[in-house]
Amino acid sequence: MRVEHTFGPVWNADSRILILGSIPSVKSREQGFYYGHPRNRFWKVLAAVTGEEEPQTVPQKKEFLLRWGIALWDVIASCEIEGSSDSSIRDVTPNDIRGLLEKSGIRKVYVNGSKAGQLYRRYIEVNGGPGAVCLPSTSPAN
């Protein structure tokens with residue numbers, strides 16, 4: 001099934017780091033925001049790293065990210081995918097990550113999981129984008 005990314009990046013002029021996933025899961029697409037699966041550890045990890053309570057609502061999550069200078073997006077704008085399976089991703093159209101980097105103060109890029117890292121290197125880094133640090137996936141499938 002062809003999936004289109006339906007929500008944009010979270011960022012502002014104070015964003016200094018960018019965290020990229022591959023493409024939103026089925027649960028995230030249903031909720032209209034990043035890392036929406038209840039078993040995904042993304043928000044728990046960020047809360048632990050910052051020493052804050054885990055944000056619960058989409059507005060709380062956005063405020064949390066921006067307060068900490070964190071931008072959030074995905075490598076993929078659209079692709080063929082079966083459910084939420086990163087291993088089934090094919091026919092990728094990447095997001096304009098270089099455009100975001102050019103208009104922001106982002107200094108460091110991180111990718112959430114090896115598939116996001118592979119896609120970032122293939123579509124962004126190879127075309128002049130900065131290197132990215134690959135973090136362990138917070139997906140419940142990991």
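This report walks through the sheet, the core, the aromatic rings and the cysteines of one predicted model.

Because the model is predicted, local features need pLDDT of at least 70 and side-chain atom pairs count only at pLDDT 80 or more, while totals for chains, interfaces and linings use all residues. Residues are numbered from 1 along each chain as its sequence is written, and side-chain values use heavy atoms, with hydrogens and water left out.

## The sheet

Let us start with the strands. Helices (H or I, at least four residues) and strands (E, at least two) are DSSP runs, numbered from the N terminus. Two strands are said to pair if DSSP finds at least two bridges between them. Strands of a sheet pair through backbone hydrogen bonds, either parallel or antiparallel.

Here, four strands in the order 3-2-6-7 make an open sheet with parallel pairing. Strand 3 (70–74) and strand 7 (132–135) are its edges, each pairing on one side only. On average, neighbouring strands of this sheet are turned by 25 degrees against each other, direction ignored. For such angles, axes are lines fitted to C-alpha atoms, for helices over the stretch in contact, and the angles run from 0 to 180 degrees between N-to-C directions.

Strand 2 (residues 17–21) is paired in the parallel sense with strand 6 (residues 108–112) over four bridges, and with strand 3 over five bridges. The residue L18 shows both sides of this arrangement: its bridge partner in strand 6 is V109, and its bridge partner in strand 3 is A71. Further along strand 2, L20 stands opposite V111 in strand 6. Four of the five residues of strand 2 are buried, where buried means under 20% relative accessible area, exposed over 50% and partly exposed in between (1.4 Å probe, protein chains only).

## Helix 5 and Y120

Helix 5 (residues 114–123) packs on the sheet and touches strand 2, strand 6 and strand 7. The direction of helix 5 makes about 130 degrees with that of strand 6. Contact here means heavy atoms within 4.5 Å.

Y120 lies in helix 5 and counts as buried at 1% relative accessibility. Leaving aside residues up to four places away in sequence, Y120 touches ten residues' worth of surroundings that include L20, V109, V111 and A132. Y120 and S22 are 98 residues apart in sequence, yet their C-alpha atoms are 8.5 Å apart in space.

## The nonpolar core

A nonpolar core is a set of buried Ala, Val, Leu, Ile, Met, Phe, Trp, Tyr and Cys residues joined through side-chain atoms within 4.5 Å. The largest one has 35 residues, and L18, L20, W43, L72 and I97 touch the most other members. Several elements each supply at least two residues of this core, among them strand 2, helix 2, helix 3 (58–67) and helix 4 (97–102). Strand 3 gives the most, with four residues.

Among the contacts of L18, not counting residues up to four places away in sequence, are A71, L72, I97 and V109. In strand 4 (residues 76–80) sits I76, which is buried at 0% relative accessibility. With the same sequence neighbours left out, I76 touches residues including H5, S22, I89 and L119.

## Aromatic rings

Rings of Phe, Tyr and Trp (its six-membered ring) pair if their centres lie within 6.5 Å; planes under 30 degrees apart count as stacked, over 60 as edge-to-face and the rest as tilted. The whole structure has five aromatic pairs, two of which are tabulated here.

| Pair | Type | Centre to centre | Between planes |
|---|---|---|---|
| F7 and Y34 | edge-to-face | 4.8 Å | 80 degrees |
| Y35 and F42 | stacked | 4.0 Å | 10 degrees |

F7 lies in the loop between strand 1 (2–4) and strand 2, and Y34 in the loop between helix 1 (26–31) and helix 2 (42–50), so their pair ties together parts that are 27 residues apart in sequence. F7 is buried at 12% relative accessible area, and Y34 at 2%. Y35 and F42 are buried as well. Ring pairs link F7, F33, Y34, Y35, F42 and W43 into a cluster.

## Cysteines

How many disulfides does the structure hold? With a disulfide taken as a pair of cysteine sulfur atoms within 2.5 Å, the structure holds zero. For C79, the nearest cysteine sulfur is that of C134, 18 Å away. C79 is buried, with a relative accessible area of 0%, whereas C134 is partly exposed at 40%.
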